[in-house]
Amino acid sequence: RDGSLRLSTLRTVIIGLMKNPMIVSISLGLFWSAAKLPMPEPLSEFVILLGAAACPGALFAIGASLAGKSTERAQVALWLSAVKLVVHPAAVAASALLLFAVEPYAASVMIAAAALPVAGNIYILAQHYNVAPQRVSASILFSTLGSIVTVSLVVSWLLA
């Protein structure tokens, strides 16, 4: 905050990362996979059930945040959605096809993934860190609605 990096700041960041459930879960999953540990059946079923509930849970949280609230600064959310749906896939396409000469199938996957709307996990992070959660949820709404057209256009272009 004051423009300098101190050891105490680094310590705070490391402790924050170690307490972050997203970082911990990713790290444990990578460790489990790298160690080639067997997955107990009850744990496997629980993780599958939890994974299936993640998207509806995130959508419920987004809907709950929007309930009874007006969309603040809708023009910002619309601008963010337009950048995500148009500029992002165009930049990925230019990078994959012109700049890096990525193999066509891999480039198609990259471009199609870039054309998808704003993800629900962005809302979870915005809510957790209290950084414009209403604007993020509005961006998710607008980009999801807009993606009906833009994703169809991108996929039809990729298949042509």
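These questions and answers cover a predicted model, its confidence, a surface patch and its cores.

Residues are numbered from 1 along each chain as its sequence is written. Local features need pLDDT of at least 70, side-chain atom pairs count only at pLDDT 80 or more, totals for chains, interfaces and linings use all residues, and side-chain values use heavy atoms, leaving out hydrogens and water.

Colleague: Which element has the lowest mean pLDDT?
Modeller: pLDDT is the predictor's confidence in each residue, from 0 to 100. The chain's mean is 86, and 90% of its residues reach 70 or more. Helices are DSSP runs (H or I, at least four residues), numbered from the N terminus. Helix 5 (residues 104-114) has the highest mean, 94, and the lowest, 80, belongs to helix 3 (residues 41-66).

Colleague: Which helix gives the largest share of the nonpolar patch?
Modeller: Such a patch joins nonpolar side chains (Val, Leu, Ile, Met, Phe, Trp, Tyr) within 5 Å, from residues with over 30% relative accessible area and no salt bridge (a side-chain nitrogen of Lys or Arg within 4 Å of a carboxyl oxygen of Asp or Glu). Areas come from the Shrake-Rupley method with a 1.4 Å probe; for residues, only the protein chains shown count as cover. Helix 2 (21-34) and helix 3 each supply at least two residues. The largest share, four residues, comes from helix 3.

Colleague: Is Met39 buried, partly exposed or exposed?
Modeller: Met39 sits in the loop between helix 2 and helix 3. Buried means under 20% relative accessible area, exposed over 50%, partly exposed in between (1.4 Å probe, protein chains only). At 43%, Met39 is therefore partly exposed.
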